[in-house]
Amino acid sequence: MEIVIFGAGSLGSLVGGLLAREHEVTLVGRDDHVTAVRRNGLRVEGALEATVAPRATTDGTALAADLAVVTVKSYDTRRAADTLASGRFDAVLSLQNGMGSEAILADVLDEPVLAGTASYGAILREPGVVECTGVGDVVLGDRCGGRSTVADRVGEALRSAGLETTVSESMPRRLWEKLAVNAAINPVTALTATENAAVLEDPAADLARGAARETARVARAEGVELSNREALAATERVAEETAANTSSMRQDVLAERRTEIDAINGYILERAAERGLEVPTNRTLAALVRAWEQGRNLR
Ligand code: PAF
């Protein structure tokens, strides 16, 4: 299968590198990374290892492929959608953190847009080198739920390249579950300068559990069946699987980049306000990260 990875940062490079073991992959990324991949290939190291030679470009316009996997930051989704609209794909799969990206992509693109979550830990160590810091899984399917033959085909392509993949008929629930995981792990590790394992131990565990529980409550108010127990279990499982990982939000803070707080805890705040629910842990975490961004003129 021909696959474009739109947004070859940490996760995009890991997923692209693993897919390139089986498929014809094109990475769309930043100049220094693209130059290194063109020169020496892409090295995947850590929990999974591979050296592959995908195509790489900084120009994402007018590309054609069977599948486009979108891995840009949530706040770049609209721009990514506009660029992807100049190309031709059979399907588009979002593997982004946070909520709302699939809807933006589907608004702009004619192609079927699948929702997906990825819980692999990944860090772009240097241009051309990505480290897998935790073997997680990919869950994908129709963004509104239900059976999808496109999702079955894409799921098979990912599986054939060795990615742990589940095709789900209940993506809305899966997206809320992943939102709970990100709401619990990402701001806590970013604000406390810790790796994901920190949320397994008190005092950070208490904070993370609070964020996950509140997320499950908002999900249920939205008509999505996600129990507190399931949200907590998913958070614990991902934190264990990616214990050594530097979460993407912590990576953003370390690089002094804007974070995905608006699409994660910020999204929970918005949905909670509409339903008249209090989410004090998410409110505090979002305020702290937003204050950090504001202090650096990143907002
Ligand atoms: O955003 C992240 O860092 C990742 O989604 C995850 C799975 C929490 C691993 O760190």
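How far does a polar side-chain atom of N196 lie from an oxygen atom of the ligand? The distance is 2.8 Å. Let us work outward from there.

This is a predicted model, in which local features need pLDDT of at least 70 and side-chain atom pairs count only at pLDDT 80 or more, while totals for chains, interfaces and linings use all residues. Residues are numbered from 1 along each chain as its sequence is written, and side-chain values use heavy atoms, with hydrogens and water left out.

**Exercise 1. Describe the shell around the ligand.**

Step 1. Find the residues that have a heavy atom within 4 Å of the ligand. They are N97, S119, K178, N182, N186, N196, V238, N245, S247 and S248.

Step 2. Sort them by class. Ala, Val, Leu, Ile, Met, Phe, Trp, Tyr, Cys and Pro count as nonpolar, Asp, Glu, Lys and Arg as charged, and the others, Gly among them, as polar. The shell then has one nonpolar, eight polar and one charged residues.

Step 3. Look for the main contributor among helices (DSSP runs of H or I, at least four residues) and strands (runs of E, at least two), numbered from the N terminus. Helix α6, residues 171–192, gives the most, with three residues.

Step 4. Add polar contacts, meaning pairs of N or O atoms within 3.5 Å. The side chain of S248 has an N or O atom 2.5 Å from a ligand oxygen, and for N186 the corresponding distance is 3.0 Å. The protein covers 95% of the 280 Å² of accessible area that the ligand has on its own (Shrake-Rupley method, 1.4 Å probe).

**Exercise 2. Find the enclosed spaces and say what lines them.**

Step 1. Set the rule. On a 1 Å grid over the protein atoms alone, a cavity is a set of points where a 1.4 Å probe fits but cannot get out, and lining residues have an atom within 4 Å of a point. Grid points are joined across faces, edges and corners, and a volume is the space filled by probe spheres set on the points. The count comes to two cavities of 30 Å³ or more.

Step 2. Take the largest cavity, with a volume of about 100 Å³. Its lining includes T117, D137, R174, E177 and R237. α6 gives the most to this lining, with four residues. By class, the lining has four nonpolar, two polar and five charged residues.

Step 3. Turn to the second largest cavity, which holds about 40 Å³ of space. Among its lining residues are Q96, N97, M99, L175 and L179. Here too α6 provides the largest share, three residues. The lining divides into three nonpolar, five polar and one charged.

**Exercise 3. Explain where the second largest pocket lies.**

Step 1. A pocket is an open set of points with protein on both sides within 12 Å along at least five of seven lines. The second largest pocket has a volume of about 210 Å³.

Step 2. List some of the lining: M99, E102, R143, W176 and Y267 are among the residues there. The elements that give two or more residues are α4 (101–108) and α6. Seven residues of the lining are nonpolar, one is polar and three are charged.

Step 3. Bring in the domains, whose bounds come from an automatic or database domain assignment. Domain 1 (2–167) and domain 2 (171–295) both give residues to the lining, so the second largest pocket lies between them.

Terms used: A residue is near a molecule or strand if one of its heavy atoms lies within 4 Å of it. A polar contact is a pair of N or O atoms within 3.5 Å; within protein, one must be able to donate a hydrogen and the other to accept it, and residues adjacent in sequence count only if both atoms are side-chain atoms.
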